[in-house]
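This briefing goes through one protein structure, topic by topic. Look over the sequence and the model before reading on.

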Amino acid sequence: MKSADNTVAVVDYGMGNLHSVSQAVRHAADQVGVQVFVTSDPDVVRKATRVVLPGQGAMPDCMRELRDSGLQESVLEAAASKPLFGVCVGMQMLLSHSDEGPTDGLGLIPGDVLKFELAGRLQSDGSRFKVPQMGWNQVRQAQPHAVWAGIPDQSYFYFVHSFYARPTDARHSVGEADYGARFTAAIARDNIFATQFHPEKSADQGLQLYRNFLHWNP
């Protein structure tokens, strides 16, 4: 791939919901003239102007596959120099450490990934909390950010996760939700933005997030 002014690399290291993510990013990109590449080639990641890091499954597997695929260094380079969007486990991988495994993350945002401990807890309707959290939940915009543009505070987004991020610095927590207790649903630092929820499964508000990312110039 030749270097271009407006290209997005969706990183394919074998562990992301690539079809849904890439289709949503392409749908958002159609309106702004951006090319989207699903790629396992580190050079394509390096040449892209923006990078999306999806992830699903177990954090230890995701970290191992990212490393073994040869893509880890190109993702770290991207995170240092261009807009990067992490999704679900792709968000968790940006932190320092996860209790799942346990395993180390990429260390781009200081903090830990913890498991929901909700055994025996009841929701307001009397039903038990289930882990993983699976379904729609409201997200409070804890910090202003350009990627929130045009999205009403307390909008609903779609979650599927058993673990959640806890950044060391509260300023890196830009979105929060409640599931048994308040937890971080979106993180950001410099040119990095990431969500625990799935924008590609979150209807119009999720597409708006991707559109905002495609316009974002941190």
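**Cysteines**

Cysteine 88 is buried, with a relative accessible area of 4%. The model described here is predicted. The notes below cover the cysteines, four helices, several strands and one histidine.

- Cysteine 62 is also a buried residue, and its relative accessible area is 0%.
- Cysteine 88 takes part in no disulfide, and the nearest cysteine sulfur, in cysteine 62, lies 8.5 Å away.
- A disulfide requires two cysteine sulfur atoms within 2.5 Å. The closest cysteine sulfur to that of cysteine 62 is in cysteine 88, at 8.5 Å, and this is too far for a bond.
- Searching the whole structure turns up zero disulfides.

**Helix H1**

- Helix H1 covers residues 18-29, which makes twelve residues. From first C-alpha to last it reaches 16 Å, close to the 16 Å expected at 1.5 Å a residue.
- Which residues of H1 are buried? They are Leu18, Val21, Ser22, Ala24, Val25, Ala28 and Ala29.
- These buried residues lie on the same side of H1, because they cover an arc of only 160° around the axis.
- An α-helix has 3.6 residues a turn, so residues three or four places apart point the same way.
- The cover over the buried residues of H1 includes strand S1 (7-11), strand S2 (35-39), strand S3 (50-53) and helix H6 (203-215).

**Helix H3**

- In helix H3, which spans residues 59-68, the residues Met59, Cys62, Met63 and Leu66 are buried.
- Viewed down the axis of H3, the buried residues fall within an arc of 95°, so they line one face of the helix.
- Those buried residues of H3 pack against H4, helix H5 (89-92), strand S5 (95-98) and strand S6 (103-104).
- Glycine 70, just after H3, has a positive phi of about 80°.

**Helix H4**

- Valine 75 belongs to helix H4, residues 72-81. Its relative accessibility is 0%, so valine 75 counts as buried.
- Valine 75 and valine 45 are 30 residues apart along the chain, and their C-alpha atoms are separated by 7.2 Å.
- Apart from neighbours within four places in sequence, valine 75 is in contact with Val11, Val45, Leu53, Leu66, Leu84 and Leu106.
- Serine 74 also lies in helix H4. Serine 74 is buried, with a relative accessible area of 1%.
- What does the side chain of serine 74 reach at 2.8 Å? The partner is the backbone oxygen of leucine 71.
- Not counting residues up to four places away in sequence, serine 74 touches Pro42, Val45 and Arg46.

**Helix H6**

- H6 has 13 residues, which should span 18 Å at 1.5 Å a residue. The end C-alpha atoms of H6 are 19 Å apart, which agrees.
- Its buried residues are Gly206, Leu207, Leu209, Tyr210, Arg211, Asn212, Phe213 and Leu214.
- The buried residues of H6 pack against S1, H1, S3, strand S4 (84-87), S9 and S13.

**Histidine 198**

- Histidine 198 sits in the loop between strand S13 (192-195) and H6.
- Is histidine 198 buried or exposed? Histidine 198 is buried, and its relative accessible area is 3%.
- The side chains of histidine 198 and glutamate 200 are joined by a polar contact of 2.7 Å.
- With neighbours within four places in sequence left aside, the contacts of histidine 198 are Val87, Cys88, Tyr158 and Val160.

**Strands**

- Strand S8 (residues 133-141) and strand S9 (residues 155-161) run antiparallel and are joined by seven bridges. Opposite tyrosine 156 in S9 stands glutamine 138.
- The side chains of S9 alternate along the strand. Ser155, Phe157, Phe159 and His161 point to one face and are buried, whereas Tyr156, Tyr158 and Val160 point to the other and are not.
- Strand S7 (residues 109-115) is antiparallel to S10, with five bridges between them. Leucine 114 has tyrosine 164 in S10 as its bridge partner.
- How many of the five residues of S10 are buried? Four are, so described as mostly covered is strand S10, residues 163-167.

Terms used:
Residues numbered from 1 in each chain as written. Predicted model: local features only at pLDDT ≥ 70, side-chain atom pairs only at ≥ 80, totals over all residues. Heavy atoms only, no water. Buried < 20%, exposed > 50% of the residue type's maximum accessible area, 1.4 Å probe, protein only. Helix = DSSP H or I, 4+ residues; strand = E, 2+ residues; numbered from the N terminus. Expected span 1.5 Å × (residues − 1). Arc of directions from axis to C-beta. Contact = heavy atoms within 4.5 Å. Polar contact = N/O pair within 3.5 Å; in protein donor to acceptor, adjacent residues only side chain to side chain. Pairing = 2+ DSSP bridges.
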